[in-house]
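Reader: I am new to this structure and should like to understand the terms applied to it. Please show it to me.

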Amino acid sequence: MPALISPSARFDIRSAYSRILQNEQISTPVAAILALVELMENTTAGTMFELVQELKDGAETLKHQSSNSISLNAGTELFIEFVTLFPHEASSFLELKTELIRQGHQYVTEALTYRDKIAQLAFDFIKDGSVILTHSYSRVVMQTLLWAHKRKRISVFVTEARPRGLGIKTAEMLAAAGIPSTVILDSAVAYSMDMVDFVLVGSEAVVESGGLINAVGSNQIAIIAKAANKPFYALAESYKFHRLFPLSQYDLPTHNSKLLSFSVPRGRAHRNSTAKPPTTLPGSSLGSSAVAGVKDSDPPASIKISQEQIARNNPDVDYTRPDLISLVFSDVGSLTPEGVSQYLVGMFAG
């Protein structure tokens with residue numbers, strides 16, 4: 001798909017977004033909100049209608065830049081909804097725009113404190129001597145574990161989290177902080193679950209049903225935790241609450257027909273292919289399975305599969321149903337999945 005034209009000829013929102021993301025402490029939704037605030041600072045819009053339209057165009061531009069736009073969309077939708085519903089008594093559009101820009105910067109400053117709030121909230125659920133299982137890498141999970149480590153004894157199992165392998169990053173940071181940890185295979189989650197007190201994961205988004213979108217593998221961890229009667233806790237900043245209602249993995253915006261597709265080796269027909277088998281000539285001594293120049297006794301051609309190929313053929317995120325989640329810890333409180341759903345309805349109801 002061709003790149004969308006930037007809403008402002010003088011401002012490249014994609015460059016601004018990429019620059020903001022270079023700050024390790026700023027997550028995707030917050031970076032998207034900040035990029036939209038910068039767009040407002042550079043806009044030539046003369047009316048509220050034009051401003052909202054430019055913000056929507058800017059959000060669409062960012063969406064097409066990202067391979068996984070779920071959390072990005074959560075941030076942009078939240079900010080555009082805020083701008084649209086913002087109550088004001090401004091005497092001019094310029095005055096209103098100035099106030100919206102100020103409010104945007106103020107929100108981002110406040111949003112950067114959310115991880116501390118969540119860490120303090122989740123801390124009360126972590127007992128001294130806890131063994132915790134976490135998945136992939138999450139800033140808010142790291143903050144929570146670091147906070148707990150200063151006050152209690154904890155040990156952490158970290159999954160590899162393929163295909164991106166971000167669990168290694170988590171394990172390295174835990175080791176640097178002096179937290180006992182070990183990396184386990186994604187396929188060893190069931191093996192280790194009896195040693196675990198609870199599961200603690202981050203989030204790409206929390207959706208209207210109260211379900212969770214997170215690094216692929218989260219769903220199967222939740223299923224195993226449920227079977228083992230172990231709590232499954234999710235940590236999510238409120239700017240990751242997203243108006244989506246997936247019913248299955250295949251309802252996610254990131255799903256496409258190329259994921260988990262079957263590949264057919266070059267020169268070979270799929271068994272369900274409609275291609276006709278090679279014709280055997282009358283009187284020929286070749287068997288019916290013979291192919292020109294290839295004998296039945298010949299070994300199959302050597303085919304190598306790279307990690308990059310595996311990653312391209314697999315999803316980055318998956319969906320965890322609300323009935324598998326014990327609690328969601330957020331800056332707005334510790335919520336049941338049903339509580340998240342009610343909060344989301346209220347948040348976007350104006």
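Author: The following exchange concerns salt bridges and the exposure of their residues. This is a predicted model, in which local features need pLDDT of at least 70 and side-chain atom pairs count only at pLDDT 80 or more, while totals for chains, interfaces and linings use all residues. Residues are numbered from 1 along each chain as its sequence is written, and side-chain values use heavy atoms, with hydrogens and water left out.

Reader: Why is the contact between Asp-12 and Arg-14 called a salt bridge?

Author: The term requires a side-chain nitrogen of Lys or Arg within 4 Å of a carboxyl oxygen of Asp or Glu. For Asp-12 and Arg-14 the N to O distance is 3.5 Å, so the pair qualifies. A search of the whole structure finds 10 salt bridges.

Reader: Why is Asp-12 called partly exposed?

Author: Buried means under 20% relative accessible area, exposed over 50%, and partly exposed in between, with a 1.4 Å probe and protein chains only. Asp-12 has 33%, so the middle term applies. Arg-14, with 27%, is likewise partly exposed.

Reader: What makes the salt bridge of Glu-81 and Arg-243 a tie between separate parts?

Author: The side chains meet at 3.7 Å, N to O. Glu-81 lies in helix H4 (residues 70–85) and Arg-243 in the loop between strand E8 (241–242) and helix H11 (307–312), so the pair ties together parts 162 residues apart in sequence. Helices (H or I, at least four residues) and strands (E, at least two) are DSSP runs, numbered from the N terminus.

Reader: Which residues are joined with Lys-240 into one network?

Author: Lys-240 forms a salt bridge with Glu-237, their closest N and O atoms being 3.5 Å apart. Salt bridges that share partners join Arg-115, Glu-237 and Lys-240.
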